[in-house]
Amino acid sequence: SEGVSCNRINTLFCDGNDIWVGTQMDGVNILVPDVVHPRVWKYNYSAEGTDNRGPNAVNGIAEDRDGNIWLATADGGVNRMTPDGKYFENFMFEHTNEESISNNAVSGILIDSHNHLWAYTWGVGINELDLNVDGNRTFLRHEREDRTGLESDFLGSAAEDRLNDGIWFGSTRGLHFYDRRTRRFVRILFSGTDNDFKEVRAMMVDDRDRLWWGTSAGVFVLNLSSFDKENGKIEYKYMRYKLTEPGSHQIEKINCVMQDSKGRIWLGSEGNGLYMLKDEDGEGFE
């Protein structure tokens, strides 16, 4: 069978039986399994009339309520593809337009339960786009200088928290919660670390209302039901060292985390392979 166009894979997204593959050097591929062999469709996702025509790194993929697929790219902003694959729309930074996306280096993308798109960047904060408004191209920017509580413009992960009605963001200066009600950010400070991180790639809320956050200095597991938004306090567990050998004092680096249909938690590390959680309390891994 035909392979993907690039062996460096940044992100995966499942749309029914189709698997969207975001690559580092050659855009997005769609793997379409069938009885005989998988087919791979390769897309040039750049919009007509833009300068963004070459291969690009895709860092995030999401789908909105209308079935449009959104792509977050490393230096080409955000792209939207219609369900039939026939139309691409490009959203890039414009120097003279304060309502454009703030930066073309988009680390990832999240579409929440309110049908709002959150495109978080590596260097110029977070961009919010209301997808309930047809044809909307007006981004609301959330940046460090806005004094809304966001303390870093370098973001690498995000997850929606329906229990507390907000969005969690992982930044180089730690973990931030965006409260939809107050439209402000709360920074969570953890003991046992300087709260500064080189990489903050992994984030997921599991079926027990726990937030898993993987960083370049270990993994945090937060009890969302204990969150005190007013004071920025929350119960958490911090696992800094290799998950199967904490006595080694080898710093753990977690790049991805997911929960499967059986409720099992899987964590992908940088150098220590793949982990599976053995018990529900987050104590044992294999």
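The legends below describe an overview and several close-up views of a predicted model.

**Figure 1. Overview of the predicted protein, a chain of strands without helices.** The secondary structure of the protein comprises 23 strands and 0 helices. Of the 286 residues in the protein, 51% are buried, and the accessible surface amounts to about 14100 Å², with 46% of that area belonging to carbon and sulfur atoms. Among the contacts in the protein with a separation of 6 or more, 42% link residues that lie 24 or more positions apart.

**Figure 2. Close-up of the open sheet formed by E9, E10, E11 and E12.** The 4 strands of this sheet follow the order E9-E10-E11-E12 with antiparallel pairing, and E9 and E12 are the edge strands, each of which pairs on one side only. From one strand to the next, the twist averages 20°. Strand E11 (residues 126-130) and E12 run antiparallel and are joined by 3 bridges, with Ile126 standing opposite His142 in E12.

**Figure 3. Close-up of the hairpin of E9 and E10.** Strand E9 (residues 106-111) pairs with strand E10 (residues 116-121) in the antiparallel sense over 5 bridges, and within this pair Ile111 stands opposite Leu117 in E10. Between the strands of the hairpin there are 4 residues, and Asn115 takes a positive phi near 65°. Although E9 is an edge strand of its sheet, E9 is mostly covered, since 6 of its 6 residues are buried, that is, under 20% relative accessible area. In a regular strand, side chains alternate between the two faces of the sheet.

**Figure 4. Close-up of the largest nonpolar core.** This core has 19 residues, and those with the most contacts inside it are Trp168, Leu175, Ile188, Leu211 and Trp213. At least two residues of the core are supplied by each of E15, E16, strand E18 (210-215) and strand E19 (218-223).

**Figure 5. Close-up of two loop arginines with positive phi, Arg147 and Arg183.** Arg147, which is not a glycine, nevertheless has a positive phi of about 60°, and Arg147 lies in the loop between strand E12 (140-142) and strand E13 (155-161). With a relative accessibility of 74%, Arg147 counts as exposed, because the cut-off for that class is over 50%. Arg183 likewise has a positive phi, near 55°, in a residue other than glycine, and its place is in the loop between strand E15 (174-179) and strand E16 (184-188). The relative accessible area of Arg183 is 39%, so Arg183 is classed as partly exposed. E15 and E16, the strands on either side of this loop, are among those that each supply at least two residues of the core shown in the preceding view.

**Figure 6. Close-up of the open sheet formed by E21, E22 and E23.** The 3 strands of this sheet are arranged in the order E21-E22-E23, with antiparallel pairing. Strand E21 (254-259) and strand E23 (274-276) each have a single partner strand and stand at the edges, so one side of each is left without a neighbour in the sheet. The twist from one strand to the next averages 20°. E21 and strand E22 (residues 265-269) pair in the antiparallel sense over 5 bridges, and Cys256 stands opposite Gly268 in E22.

How values were computed
Residues numbered from 1 in each chain as written. Predicted model: local features only at pLDDT ≥ 70, side-chain atom pairs only at ≥ 80, totals over all residues. Heavy atoms only, no water. Buried < 20%, exposed > 50% of the residue type's maximum accessible area, 1.4 Å probe, protein only. Contact = heavy atoms within 4.5 Å. Areas by Shrake-Rupley, 256 points an atom, 1.4 Å probe, with all protein chains shown as cover. Pairing = 2+ DSSP bridges. Axes fitted to C-alpha atoms, helices over the stretch in contact; angles between N-to-C directions. Core = buried A, V, L, I, M, F, W, Y, C linked by side-chain atoms within 4.5 Å.
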